[in-house]
Structure formats: structure tokens, C-alpha cells
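This report describes the architecture and selected local geometry of a single protein chain. The structure is shown first, and the description follows.

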Amino acid sequence: MMRARGLWALLLVALLAAAAAAPRAVLAQGNLTSRSDLRGLYALRGSLGLRARDWPRHADPCTAWAGVGCRGGRVVSLALAGLRRTRLGRLNPRFDVDGLRNLTRLEAFDAAGFGLPGPIPAWLGGGLAPTFQSLDISACGVTGEIPASALSGLGNLTALNLAGNKLSGQLPAAAFAGLTRLRTLNLSGNVFSGALPDALWSLPGLSVLDVSRANLTGALPATGISLPANAQVVDLSGNLFYGIVPEAFRRLFAQVLLANISGNYFDSKLSLPDGGGGNVSFELNCFLDVPGQRTQVDCQQFYASRGLPYDGPVNPPTPQPAPAPARKKKHKNLKYILIGAIGGGLLLIAAVAAVVFCIACSGRRRNDQRESGAPPSAPAGVSATGAVAATGGAQPSALSANTAKVGDSFAFDQLANATSEFGEERLIKHGHSGDLYHGVLEDGTAVVVKRITARVARKDAYLAELDLFAKGLHERLVPFLGHCLDKEEEKILVYRFVRNGDLSSALHRKTREEDEGMQSLDWIKRLKIATGVAEALCYLHHECTPPMVHRDVQASSVLLDDKFDVRLGSLSEVCPQEGEGHQNVITKLLRFSSTADQGSSGSPSATCSYDVYCFGKVLLELVTGRLGISASNDAATSEWLDTTLRYVNIYEKELMSKIIDPTLIIDEDHLEEVWAMAIVAKSCLNPRSSKRPPMKYILKALENPLKVVREENGSSSARLRATSSRGSWNAALFGSWRHSSSDIGPSRDDNILKRSETIKSSGGSNGDHSSSRRMQSKEIFPEPSGSRDTED
């Protein structure tokens, strides 16, 4: 009931805000009459790089330019949401809105979701028109601190939305104190430091205040403030506020339509007034008198780390000892205990005996092989070199005939000349499987030479690559040219040089040395790269016999040629999937119950699901633009993954604005493709390895990204079919995604999404998600031939 009331309160506030904003959303009336306004609009058109399709030349801006609102022949509102930059404008987007100075009657500027990377201009407060009332630059990629001068001159400002950016530093208290007419303030989703200025609580007209997840700290002021009488919504959740909640704030929280103080460190007792609290969310604090709070240890550590006194929880009363049971009942309980203990002991003995028997049989088989002089048998389809490379055993004295014939055979002197005697100036990097050098052969072919010496921990790792290439040279694997195996102390592998390096360096790079900014890959290339990596892994997992596992999938392993086609490298860790074809039943059961992705020795697990997990991190790098995620497994990376995946939801495309790469300029169709890739990444990152989809399903999803979101958003019957016994690739993919969503755990955003999902499902047949407006599941997702039943 509390959640329902809170949700309706939030909807009511949204309606109030829309009603307040309605007078500013004026229609164009007549032609533009101001030359100053015309100069300002053309200045914005050039600095923002807007397309002629949206703002056409030789056309009146008031009647023909998208997002321009006029009144009396003057520009009074600008809305950039939904507009796109030209190709040239996308190369170097920046926060350049100097043209606004010329719009002397401007009342509202809305750029929500339009990329404006860079700091807020310091002239904004003094340069905007005195009539200016509403500023919305949410989810624009804005960085840096908020300059005090950017707000100090906006005395008539009524609405300010800076949410979903990367703003930092302390909030300018004096500047906020001057916004006496401010009614709506949204600073959520930033990385500020310090406290929330006390002056904000004394703004007389403040109706909506949202500072959730803004990294703010401090205690709520007890004196010296005059809380607004017309407050409707107060959201302080997901910050580091602490201390007691003063009496004035308790009354405020009880009277507003919606108050959210969850996810902080408020202590003592909440003690809301009688009749209040129905619309207050207070979970995950340190209160003593309400449920759902943090642990005592968590609260004590937080307060101790800041040197603050902590009003800890009262120890619960000591429970009275239960009366001693009757002697007859005691004997009865003892009988049950003895039966359970004896039964459990017998089961344990049987299990130990079965394990000992299996070990003894395995040891006898190895002894027979040792006595007969035969090497241990490898799985079907794997050569002896492949088996040695996979198990890390000793290097054989001679290569197999098939392996020795892979590629061309180069002389050592030939490769030494090509790399300038392996000079430092030719060194690309020291890899974990060998040193990589750039070279040029006598015929002018550019190559990369991997030199494997005594420095490498596993000198026999090259055998895994040769054995893989002996199966065939796939177009999505690194182009292998040959080898030099003449010397006993070092081995050399030769590959064709790829022009665009690896994904970790190509995602954001300078186009020329003189350029100051970084140019990122556009979305078409990112989707092409993701599909290429999926094709390479699909070959290893589903076309090789037995299935091969890469075990080192990360951005630095993804090589890109001159056309940005993928060539998957770092193949020294490739090995057959663990237990393929010769696993005993006990091992299978133990592995199935495990969810870890590391082997017993701490090395990457040799399972296809481990590759799928790593590929999911690569997909998130492509979506968010955050480098280094796929190469890291530390606690900070895990925390970032948990936080980011909470914004990936099959029903809420708008949440993608919180995690998408701010340098990525995309239209609506491409945004749906980014959304689809994020959903696929979430299914790959399921904590339960058995619930991750196979690569063949992932590849089909990336080849048809628009169908991914439209299928799942559309037909409820398709979701029911996804759990039926007939397996289709979309059922496997999204079945695992649902498990992934539940395994990560609920968050504040998840709860909001569930509530919004309930509203959508009750919206009737006129809603956008009506199944009658979508194609049926089989039309969108044809079942692959020979598909097997999907695991539930």
C-alpha cells in the first residue's frame, strides 16, 4: 500500500510539473521578426552542428525549425531533445551554446539527452535573458563543477534539471540561495562532494527536490532554516547523509506526497508523527525503530571512519528460557536426532566410498598406461599437442605432423631482419604468452612476430595456437602466416599485421597528433565489432570438435583490420572445454552446482560459459565506453557491473541514458540497438554459469538487435512461449536474462521499474505495448533448425 500511494503521488507531481510547463510550450505564431534572435539561432546551428533537415536554411525558424517556440515573432523556447548532429558535428561535440546570448526573450532551454560534453559555461547566469525560467540539461554528458556565476543571474528560474551527468565538486551555496523562485530542482545521478547547502531548504517556492544518488553527505540542519510550505517531493536517497532527522524534517516528510530518504546513514529513531509516513521510504539507514535497516556493523564502521558519535541500536531483551519439556517428549526428540544422525552418517560413508572407488579406477588406468608406455588419451578430435597445451603438461619432444605443416616455415634470420634484430623500437608489448614485435618481410608484408622465450611462464602455450590453426584458418581469428620452430630455447609465431590495433586502443583514439580531443568509434562500427567477436566465439564453441574455449576474451584480444573487421587474437590460452566427453557423473554434478568461473588452480575456467561471461563485459565496454572492464576482475569492477546492470531493463529504454557512452551520438533506431546490446550483455553476465545463453543464440540476437527489444516488449504470449519445452534461440537468451535480473538483486530503480511495469500492463488495449501491434513470436524470431529444448 505504501508503494502504491508513493507511486500515485509521483504521478500527481509529474502532472503538476507538466501543467506548470505547459505555458512555455508555445506554438509558433507568425514569422521571426528579430535579427538578434536569427543570429543567435544560426550561431547555435553552427556550434552544435545541427542537421539542415531539422533546422533548414532559408526557412523561417518559428515555423519550420524543430524545437523552436516563438511568441510575438520572438524566440521564447528551445528544445534540442530528439535532434541530431551532422556527421562533422559528431566528430567533436561540445557544450557550445554562445548563441543563447542573442535570444533576449528566451524563457526555456531543454537539451535533455542531447550530448553537450564539457563544463557548464560560466557566463550562463549573466548571459541568458532576464525572462529565462527553465533549464534542462539532464543526461547531456556535462562534466566539472557548477560555476556560481552560471546560476547567480537567474533570478526568475523556476525549474533546473541537471540530472544524469558527471558533475562534481561542491554545490555553490550562495548561488542557489539567490534562486528564490525555484520550484523544481533535480541534481540526481551526479558525483558531487560535500554537503547539500542549507540555503536550498529555505527556498520558499521549492516544490520538488531530487538529489538522489548524487554522492552528497552531511547532516540535516536543525536550526536556521525555513522549510518550504508547498513541498511535494523530496528525494535524498542513495547518498551519505547521517545523523538524526530533526523534528522539522519529520513533519516535512509526513506532509509531502512522496519522501525518499533510503540508502543513507540516518540514525537514532525516525518517529514520524501520527498519521504520517505512508509516503516515506526509509530503508537501508541506521534507524532503531523501523525495519529494513543496515547492519549494526555497517553503521558503526561508517560513523567510526568519519569520527562521528553513533547512537547504536538498543540490545534486545534477553529471551526467557523455555520451560523444560516433559521427559517423554525429550526421549522422543532424542530418538529422531539419533535416526537423523545415523542416516546422515551412512549417506556420507556411501558418498566417500563412491569417490574413493572412482579415484582408484582412475589411478589404475593411469598405471596401466604408464606400464605400457602409452601417453594419456586425449578427447576425440584433439591432437596430442592440444591436450598438452590444455593441461599444462610437459612439452613433447617433437611436433605432430599436422601441427608442423600449419602455415609457412620461416628462418630465424629472416624474422630477425624483419624486426631489426628484435629491436626495442619494434617492440609492441610484452604479452603474457610472448613478446610482440612489428616487422616487415622482404616482400613488403607487414607482420606481427610473437617471440616465445624463457621469460614466458608456459613456453608450450604456442602448441595450443598451432593445434587450433591446424583445424582451419577461420576469417574471424587472427591471420596466421607461419612459424619458426628451429630453436629449442625459443619459438616464433608470425601473424599478418592488422591496421587498427585492438579494441582497447581503437574505442577512443586521436585521429591526428595535433587533435586535442578523442574520437570514439561510431555505433555502426561497435555493433559490427560485437557481431564479429560473437562469430569468432561461435566458431570455437559450436564448429570445433570438441568445443574450444578461448579463456582470454577482453578488449585487448579483439584485433581490428583496416575495415574494422574482427580478428580474435590472444589464442595461447585456447583449450578444449573441460570434461568434454569423458567426465564422470560425480564431476558433472559438482561442476553443475558450482557458479564460479575460476578453475581449481585459480586460472580461468575452461568452459564456454566463461567465454560468454567475458564477452558480456566486452559488450558493456562498447555500450558505456568505459575502458578496462573486460580486463579486470577486481571488487571495484564487480561493483561497477552490479550498478550498471541495474539500469538495463527490458521495459525501460529511457534508463539507458544513465549508462550509455556520452560520446556516442545516435538516433532513435540506433538507441534501440544499444538497448538490445545491453540486454544481451546482461544475459551473458548472469552469475549462474548454467543460465548464460550459448554463443549461437547471442550471435543471432546481435544480428537482429531491433527484433530483440521489440519482441520482448511486445507480446506477452511470446514470453510464455519462452518457458515452454520447445526451445528457440530467443527463449534461451531471454530466459537466462530473466534469471540474471533476479540474481543481481533488487535496487531502487528495479522497484520503480516493477511499479511502472504494473501500470503498463493495466493500461488497456490502447497502450504502446499491446501485443496486437506486434508481430507474432515465430514471425520475428524463427526457431533454428535442429534446436534442442531450452534449459528452464
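## Buried and exposed sites with unusual backbone geometry

Phe 422 counts as buried, at a relative accessibility of 9%. The model in which this value was computed is a predicted one. The backbone at Phe 422 has a phi near 55°, a positive value in a residue other than glycine. Phe 422 belongs to the loop between helix H13 (412–418) and S18.

A positive phi of about 55° is also found at Ser 570, although this residue is not a glycine. Ser 570 sits in the loop between strand S27 (566–568) and strand S28 (575–576). With a relative accessible area of 27%, Ser 570 is partly exposed; the limit for a buried residue is under 20%.

A further backbone feature is the cis peptide bond that joins Thr 545 and Pro 546, for which omega is about -5°. Pro 546 lies in the loop between H16 and strand S25 (548–549).

## Overall composition

The protein chain contains 26 helices and 28 strands. Of its 792 residues, 47% count as buried. Among contacts with a separation of 6 or more, 67% are between residues 24 or more positions apart.

## The open sheet and other strand pairings

An open sheet is formed by 10 strands in the order S1-S2-S3-S4-S6-S8-S10-S12-S14-S16, with mixed pairing. Strand S1 (68–71) and strand S16 (280–281) stand at its edges and have a single partner strand each, so one side of each is left without a neighbour in the sheet. Within this order, S10 and S12 run parallel and are joined by three bridges; Leu 209 stands opposite Val 234 in S12. Helix H2 (residues 35–48) lies across S1 and strand S2 (74–79), and runs at about 20° to S2.

Strand S21 (residues 480–484) has five of its five residues buried, so it is largely enclosed by the rest of the structure. It pairs with strand S17 through two bridges and with strand S22 through four. S21 and S22 form a hairpin with six residues between them. Another hairpin joins S18 to S19 through two residues. The table sets out these pairings together with the S10 and S12 pair.

| Strands | Direction | Bridges | Opposed residues |
|---|---|---|---|
| S10 (208–210) and S12 (233–235) | parallel | three | Leu 209 and Val 234 |
| S17 (408–409) and S21 | parallel | two | Asp 408 and Gly 482 |
| S21 and S22 (491–496) | antiparallel | four | His 483 and Leu 493 |
| S18 (427–431) and S19 (434–440) | antiparallel | four | His 430 and Asp 435 |

## Nonpolar cores and helix packing

The largest nonpolar core has 82 residues, and Leu 503, Phe 615, Leu 619 and Met 677 have the most contacts inside it. Helix H16 (residues 523–543) supplies the largest share of this core, 11 residues. Apart from it lies another core, of 76 residues, among them Trp 55, Phe 132, Ile 137 and Val 280.

Leu 619 is in contact with Ala 530, Met 677, Val 680, Ala 681 and Leu 702, leaving aside its neighbours within four places in sequence. Ala 530 and Leu 619 also appear in the meeting of H16 with H18: Arg 526, Ala 530, Val 533, Ala 534, Leu 537 and His 541 in H16 meet Cys 608, Asp 611, Phe 615, Leu 619 and Leu 622 in H18.

How are the axes of H16 and H18 arranged? H16 and helix H18 (residues 608–624) pack at an angle of about 175°, with their axes 11 Å apart. The two helices are therefore roughly antiparallel to each other, as angles over 145 degrees are counted in that class.

## A two-sided helix

Which residues of helix H19 (residues 635–645) are buried? They are Thr 637, Trp 640, Leu 641, Thr 644 and Leu 645. Seen down the axis of H19, these buried residues fall within an arc of 120°, so they line one face of the helix. An α-helix has 3.6 residues a turn, so residues three or four places apart point the same way. On the other side of H19, Ala 635, Ala 636 and Glu 639 are exposed.

Definitions and conventions. Residues are numbered from 1 along each chain as its sequence is written. This is a predicted model: local features need pLDDT of at least 70, side-chain atom pairs count only at pLDDT 80 or more; totals for chains, interfaces and linings use all residues. Side-chain values use heavy atoms; hydrogens and water are left out. Two strands pair if DSSP finds at least two bridges between them. Buried means under 20% relative accessible area, exposed over 50%, partly exposed in between (1.4 Å probe, protein chains only). The arc is that of the directions from the helix axis to the C-beta atoms. Contact means heavy atoms within 4.5 Å. Axes are lines fitted to C-alpha atoms, for helices over the stretch in contact, and angles run from 0 to 180 degrees between N-to-C directions. A nonpolar core is a set of buried Ala, Val, Leu, Ile, Met, Phe, Trp, Tyr and Cys residues joined through side-chain atoms within 4.5 Å. Angles under 35 degrees count as roughly parallel, over 145 as roughly antiparallel, 65 to 115 as roughly perpendicular and the rest as oblique.
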